[in-house]
4 protein chains.
Amino acid sequence: MNSKLIWLALFVILLVSASFAPQKKKKVVFFGDSITQAGVSPNGYITVLDKTLKQQGINDYELIGAGIGGNKVYDLYLRMEDDVLSKSPDIVIIYVGVNDVWHKRSFGTGTDPDKFEKFYRAIIKKLQAANAKVIVCTPATIGEKNDYSNEQDGDLNKYSNIIRNMAKDLNLPLVDLRKLFTDYEKSNNSQNTDKGVLTVDGVHLNDLGNEMVSKAMWEQIKNIR
Amino acid sequence: MNSKLIWLALFVILLVSASFAPQKKKKVVFFGDSITQAGVSPNGYITVLDKTLKQQGINDYELIGAGIGGNKVYDLYLRMEDDVLSKSPDIVIIYVGVNDVWHKRSFGTGTDPDKFEKFYRAIIKKLQAANAKVIVCTPATIGEKNDYSNEQDGDLNKYSNIIRNMAKDLNLPLVDLRKLFTDYEKSNNSQNTDKGVLTVDGVHLNDLGNEMVSKAMWEQIKNIR
Amino acid sequence: MNSKLIWLALFVILLVSASFAPQKKKKVVFFGDSITQAGVSPNGYITVLDKTLKQQGINDYELIGAGIGGNKVYDLYLRMEDDVLSKSPDIVIIYVGVNDVWHKRSFGTGTDPDKFEKFYRAIIKKLQAANAKVIVCTPATIGEKNDYSNEQDGDLNKYSNIIRNMAKDLNLPLVDLRKLFTDYEKSNNSQNTDKGVLTVDGVHLNDLGNEMVSKAMWEQIKNIR
Amino acid sequence: MNSKLIWLALFVILLVSASFAPQKKKKVVFFGDSITQAGVSPNGYITVLDKTLKQQGINDYELIGAGIGGNKVYDLYLRMEDDVLSKSPDIVIIYVGVNDVWHKRSFGTGTDPDKFEKFYRAIIKKLQAANAKVIVCTPATIGEKNDYSNEQDGDLNKYSNIIRNMAKDLNLPLVDLRKLFTDYEKSNNSQNTDKGVLTVDGVHLNDLGNEMVSKAMWEQIKNIR
């Protein structure tokens, strides 16, 4: 009889201490370009996700924005020690590719497809070596026309394919924003406008866009143990 | 009885004179770039059409190639007097647009979409003023991948839309090669290669490509009276 | 004796009528891009020239701006009937080339050097056919650094050479703004800044730039009879 | 007296052993693009330097080519461990920049000036951390015209300035090939041709070009202790 009481006491102590223990939150770093930089603004997708989780009483995630405008994949590579690894993240979501394509047109300084993959894989490797779980995303859109007639649609699809294949090859969770956005545009952009449906300017997310990205990312984040 | 004989005699004379009269052939000028320049080669689409018509006993067309490598819409404009109007064509098929898009990437000297339309309309206007019937074509392809992941697919679709809208607006027959090719690739390019299905290099037609273009053009040419 | 008096009387009448006759002003059209469009603004080079001439009591010129932002050589060609020939100009100053080079970088839609010359010569030919005297200018600058280290200096020099050779070939007066500006920068841009010496942004003229262009153009305009 | 003899004996032994000891050669790695890749061909600049040194009885250098066609600064960065550091070089000569500029025009994938400097400095830092002495070079030429009218002269000068400033800032020996070549062209390219004087195609060195580069590099290599 005594031993049973002792066990019960131990169990209660365990429970109580567990609930009072300073719970270690999972650190999630969002690593990207201007779209992610805007993700921490009042209506940004990171802020939206943070609010949603708190409303649902999910308190074990710390969301950290690490987006810088104009960044391409090799910019991420150059600053990953300072801006990501220094934070000892549990999960890193890489969301890059728009500028790698876009800058071909605007500055002549886009990223070659093979270099894009090389740097992307180098980032993943370093993150995994630091024990971070990696989630990758395809770049959503440069122009919202729904019939693949935005100037850089072809190239954006090409780079999205690179990311999709890499995710498959490395067995990484994928947030396929490109597919999500093009599917949505086909059903919901009846005027075939090039902005204003999910973005404010063809690239940067409006409120609906931020919500969609927030939800899609959560679907992958929540699965990671 | 006599009047019947007279009528018969007249009818015979008519028949005989018709068959001996120097039949005026319809002059068809194919006006374009290197794809059309290659159209007059032994397996080119113009040669193919010419052979096919002769095999079918259709002898009232004279097919004339007027393609020059590297041409963009304003090159056509600059040389239309010398190379097209000077031949007093009955029908002119304009097949241009690939270089207007392609040269953006390769030389930085593509054609702005609004200028593309301006020069295209200026060409049509001049041809019609010279009593030529005009047929327009969309540019078929730069790269044969079937999932819109060829680098310049977006821009090629954009310029194809410009031509489609112009054809509708001006009530011109349209050979929608772009649609023809992308539809075909979806069903027949199971390996998703970027060349070798309808082209030799992603742009210039192989035998099958030449046949398809030849047929598609004839469908519009034959309707013109 | 009488005949002498008659001659004298006739001569006097001639003189008087000449001085009272509604003097026909020389129409000078400035044909170009945004730099010329800004030329008619309060401190623009056309306004400056107009004021200077009036201050000097030179009243026999009518200066007309015909500049449109973003124009390349073929834009001038497309609108020359409406915007220049319709005004029956005596003199036309063509000032174009910046966008033909610049748009290679910014939109991928610059002008091939050989097409640049073709359209330029076509414009000159049409203007001369309409009895206008033609003055040509080299494009002044894209960036003011004085050691040929502005990104597009090489190309701008290349297109300036095309214009210089054309002027020589066709025996046309040349306003060599490119030379004028680069010489000035060498002596006066000691900080080697890329804007602020003769332009506000590396391309569009500041007050000093407008004055220099105004003077340089007048040197050629005044020689034309 | 005995001690003096002993000292003499020791000195002789020292001398003899020194001259017979397997002399450690200085490893010099030439790190670059296709120009350096061709440097190890029979008439390439590395081969030329190797022969010249041997003719002069200078045997204490081992020259190693590490050039790969199409490389930009970040390609060097990505492969520096495998191709350079693995060889434990004493001296590394970095010769890069042509493709960083050239690919802007040909593929839209040149390197932004600020990224160029970032990666370049990162390479230098890593090499120095591995105790290699670093020599830097400016990119010689893209087109040989002598009046700064090669399309990309401006940009090439801009990137050369970046390297010059970096060399000054980091106190590194500089082989200013850009200055060497442009000075030579001014005096020796009287026809103002765009190739054939120091290069075969405007970029890759001919025999004279290889000799000049070979000599200029040696001037800096020999000074390094």
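1. Let's start with where chain D meets chain B. In this predicted model, four residues of chain D are in contact with four residues of chain B. If you want to see for yourself, a contact here means heavy atoms within 4.5 Å. The two chains bury about 270 Å² between them, and 37% of that sits on carbon and sulfur atoms.

2. Which residues of chain D lose the most area to chain B? Look at D:Arg105, D:Ser106 and D:Phe107: together they make up 87% of what the chain D side buries. Sorted by type, the chain D residues that touch chain B come out as one nonpolar, two polar and one charged.

3. Now for the specific pairings between D and B. The count of salt bridges between chain D and chain B is zero. Polar contacts across this interface also come to zero residue pairs, with both residues required to be at pLDDT 80 or more. Keep that confidence condition in mind when you quote the polar-contact count.

4. How do chains D and B relate to each other? A turn of 179 degrees plus a shift of 0.4 Å along the axis lays chain D on chain B, with an RMSD of 0.7 Å. Within chain D, the C-alpha nearest that axis belongs to D:Ser106, at 2.7 Å from it. D:Ser106 is also one of the three chain D residues that lose the most area to chain B. The same surface serves both copies, since 100% of the contact residues of chain D recur in chain B.

5. Chain D against chain A is worth a look too. Here the superposition takes a turn of 180 degrees and a shift of 0.1 Å along the axis, and the RMSD is 0.2 Å. That is the relation of a two-fold axis. As for the surfaces, 100% of the interface residues of chain D are interface residues in chain A as well, so the copies meet through the same surface.

6. A few words on the fold of a single chain, taking chain A. It has nine helices and five strands. Reading from the N terminus, the order of elements is α-β-α-α-β-α-β-α-α-β-α-β-α-α. Along the principal axes, the C-alpha atoms of chain A fill a box of roughly 80 × 35 × 30 Å.

7. Last, the confidence scores. Chain A has a mean pLDDT of 94, and 92% of its residues reach 70 or more. For the model, ipTM is 0.86 and pTM is 0.89.

Note on methods:
Residues are numbered from 1 along each chain as its sequence is written. Chains are lettered from A and ligands numbered from 1 in the order in which they are written. This is a predicted model: local features need pLDDT of at least 70, side-chain atom pairs count only at pLDDT 80 or more; totals for chains, interfaces and linings use all residues. Side-chain values use heavy atoms; hydrogens and water are left out. Buried area is the accessible area (1.4 Å probe) that two parts lose on being put together, summed over both. A salt bridge is a side-chain nitrogen of Lys or Arg within 4 Å of a carboxyl oxygen of Asp or Glu. A polar contact is a pair of N or O atoms within 3.5 Å; within protein, one must be able to donate a hydrogen and the other to accept it, and residues adjacent in sequence count only if both atoms are side-chain atoms. Ala, Val, Leu, Ile, Met, Phe, Trp, Tyr, Cys and Pro count as nonpolar, Asp, Glu, Lys and Arg as charged, and the others, Gly among them, as polar. Copies are superposed by least squares on the C-alpha atoms of residues with pLDDT of at least 70 in both. pLDDT is the predictor's confidence in each residue, from 0 to 100. Helices (H or I, at least four residues) and strands (E, at least two) are DSSP runs, numbered from the N terminus.
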